[in-house]
Every structure is written in structure tokens, then in C-alpha cells.
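Subject: A structure for you to look at

Hello,

Here is the structure I promised to pass on. Please open it beside this email, and then read on for what turned up.

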Amino acid sequence: MPLVKINDLSKTFHTANGDVHALKNIDLSIEQGDIFGIIGLSGAGKSTLVRCINFLEIPTEGTVYFEGKDLKSLTHKELLKARQSMGMIFQSFNLLEQRTAIKNVCFPLEIAGVNKKDAEKRARELLKIVELEDREKSYPSQLSGGQKQRVAIARALSTNPKVLLCDEATSALDPNTTRSILALLKEINETMGVTVIIITHEMSVIEQICNKVAVIDKSRIVEVGSVKDIFANPKSDMAKQLIIPQNIVHSLENYSTMRIIFDGLSSYEPVIANLIMECRVPANIMYANTKDVNGVAAGEMIIQIPVDSVDKVSGYFERIGIKYKEEM
Ligand SMILES: Nc1ncnc2c1ncn2[C@@H]1O[C@H](COP(=O)(O)OP(=O)(O)OP(=O)(O)O)[C@@H](O)[C@H]1O
Ligand SMILES: [Mg+2]
């Protein structure tokens, strides 16, 4: 049974300027243990979708099942209980400025009726997990953005949720802090078994930690699947736009553009060097977004090669087992 299942969900807002169809016919299945990314441009409907998952927004049509239960069918009390199983973090952290770090983490526990001593004990454990045990008495104004998000994560985990909903949780952070927060989310997923749903407009976020991704474009899901498959072979225009850099200078006359996908099979340097030496092809590297992790390459590269060498180069990539795609 999927942890979250969405069937034919639509959401329309009625505004003074007319109806806004924020979501149309959404179907989605999120399994226990997934780190599930939802990506799309601004206004695509991502935040509305995540708010429908915990029923902060009531869908106009369709059904949300959480642990097999139709959220529509729950009493108010049952819904509040279900929401305790769904932690949420935001771009703007949403901490209570008047409360210290530990008091912020205690807050949901107080609401749930946990006594002060037990709440503080649990909050301390959580602050340790997010590596802020030495800052429990700090107020939000005394913490950096990354530290604030760590407090928010600890707070979201306080009620032992099954799933963590993250709406642009790293969008206000610099690249290094983003990486450390994403690494923390991954660790929480792996060690605590918490399913993570990540809303973002950045493909690099999806690439770093998600196993599955849904691409949302103008209120609809246009593509969904494993991150590996979609990166290797994006089918929808939106996925292509998000994955393939758009600003590559097109094309030299009589040259073809090829996208090479590295998915951990080999290091990229010998691949290109050998391509040039073995095939005797003058390959231009137009773009590279590759990471070398312990000699293993991940990412992609876009090269241009003379049209008449496409067969030779394709043969070479096939022989060494590298994924490639002719772009144009
Ligand atoms: N409460 C609301 N009332 C009216 N319209 C709304 C409401 N909430 C969202 N919308 C509209 O629904 C559409 C989707 O908004 P949403 O916030 O879900 O987009 P998003 O993908 O999260 O965008 P961003 O990346 O900028 O956060 C937008 O056109 C927005 O104006
Ligand atoms: Mg949003």
C-alpha cells in the first residue's frame, strides 16, 4: 500500500478575478521510504499540491489516501491525528521568534499534550540529530538560515511523522548549506525511515537526493518516474527544459549535438579523451555537469561532433556502455 495515494485530484480557487485551476487531474503514488521530488516552475501548482496532501487545502475533486485512509472520510479529530504523521518544513522556516530553539521543537509536543519534561527530553534528542545540541537556548534571530532550517526539521520530526513535506526548504539557502540540509534529510530518511516529499524548482535538488520525481507543468503532472530514468531520457518538454540547459549555442554548421549521461558507470575524463583519440573526432564540450565521486562519474555532458561522425561516436558509446542521446 502506498503511503500517499492521490486519485484524479483537481483544485480550483474561486477568486475575484475568476477561477484559478491550480491543479488538474493529478494522480500520484508515493511509497513508504521514497524521497519523492515534485518539480515545476513558479505557479505550476506545487505548493497547492503539497497542501492538498495534508488537507490544509481541500481538493475540489478527487481523493487523497494517507496510509490507505481517504482523508475526506476522517473526522476532524482523526484528521488532526493524521496531520501529526505529516511533518512540514518551508522556505521561510516559520519558527516562533519568541521561543528558543528547544522551545520551538517542544511546541507541537505541547499541543499534543505531552508533559514538559518528556517534551524537552525528546526535543534534546532531536536537536542532537540535527547537530544543534549546543544551541538549544538560542532564539531564531541568533541562528543562521541553515541552523533555523535544522530547528524546523527537528520540530517537524517531534511527533514522529511518517512523512516530511518540504516546500522549497532549501530555496533560501546557499549551495553548501543546501547540500548539508539535503544530506540531513537523506540521513533522516535512511535511519528513521521517514518518507520525504520535496517540492523544488531546482533539478539539482532532485538529482542530489530523490529516487522518484514528478514533473508538474501548468497544473498537471506531465511526467513521473525514477530520477535515473527521467534524467537519462526526459520525454516531456518541461522535463527537458529543466534538465537540459537551454542556453547552449546552437549548432555549428554540419555539427550534431549529443547528450551523454553518466550514471556512475565510469569516470568521464577517459571517456572523452578516448573518444577523441579512438574515433579521431574533434568533439567540442558545450556543457558539463558532472560530479566525480571517488572516480565514478555522475551527471551529463553535451558535446558537438561533425555530422558525419555520429555513427562512429554512437558506436563508441554503445561499445563502452555509456548512455547517449542525439539532441538535434
Ligand atoms: N489561496 C489561493 N487563492 C487563489 N489562488 C491561489 C491560492 N493559492 C494558490 N493560488 C494560485 O494557484 C496557482 C498555483 O500556485 P502554487 O502556490 O501552488 O504554485 P507553486 O508551484 O508553488 O509556485 P512557486 O514555485 O512560486 O511557489 C497560482 O496561479 C496561484 O496564484
Ligand atoms: Mg510554492
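A word to start with: a residue is called buried under 20% relative accessible area, exposed over 50%, and partly exposed in between, using a 1.4 Å probe and protein chains only. By that rule glutamate 168 is buried, because its relative accessible area is 10%.

Please keep in mind that this is a predicted model, where local features need pLDDT of at least 70, side-chain atom pairs count only at pLDDT 80 or more, and totals for chains, interfaces and linings use all residues. Residues are numbered from 1 along each chain as its sequence is written, chains are lettered from A and ligands numbered from 1 in the order in which they are written, and side-chain values use heavy atoms, with hydrogens and water left out.

**The overall picture**

The protein has 11 helices and 14 strands; these are DSSP runs numbered from the N terminus, with helices being H or I of at least four residues and strands E of at least two. Its C-alpha trace spans about 75 × 50 × 40 Å along the principal axes. Of the 328 residues, 48% are buried. Contact means heavy atoms within 4.5 Å, and among contacts between residues at least 6 apart in sequence, 68% join residues at least 24 apart.

**Two glutamates in loops**

Most residues other than glycine have a negative phi. Glutamate 168, though not a glycine, has a positive phi of about 50 degrees, and sits in the loop between strand S7 (163–167) and helix H6 (175–192). Glutamate 67 also has a positive phi of about 50 degrees without being a glycine. Its loop runs between strand S4 (61–66) and strand S5 (69–70). Is glutamate 67 buried or partly exposed? Glutamate 67 counts as partly exposed, because its relative accessibility is 27%.

**The nonpolar cores**

A nonpolar core is a set of buried Ala, Val, Leu, Ile, Met, Phe, Trp, Tyr and Cys residues joined through side-chain atoms within 4.5 Å. The largest one here has 51 residues, of which Ile89, Ile153, Cys166, Leu185 and Ile198 touch the most other members. Helix H5 (residues 145–157) gives the most to this core, with 6 residues. Another core lies apart from it, with 30 residues including Leu3, Ile53, Leu71 and Ile197. To see one residue's surroundings, try isoleucine 198: leaving out residues up to four places away in sequence, its contacts include Ile35, Phe36, Cys166, Leu182 and Leu185.

**An aromatic cluster**

How many aromatic pairs does the structure hold? There are 2. Rings of Phe, Tyr and Trp (its six-membered ring) pair if their centres lie within 6.5 Å; planes under 30 degrees apart count as stacked, over 60 as edge-to-face and the rest as tilted. Tyrosine 316 and phenylalanine 317 make a tilted pair, because their planes are at 50 degrees, with the ring centres 5.6 Å apart. Phenylalanine 317 also forms a tilted pair with tyrosine 324, at 5.8 Å centre to centre and 35 degrees between the planes. Ring pairs thus link Tyr316, Phe317 and Tyr324 into a cluster. Within this cluster, tyrosine 316 is buried at 2% relative accessibility, phenylalanine 317 is buried at 0%, and tyrosine 324 is partly exposed at 25%.

Enjoy exploring!
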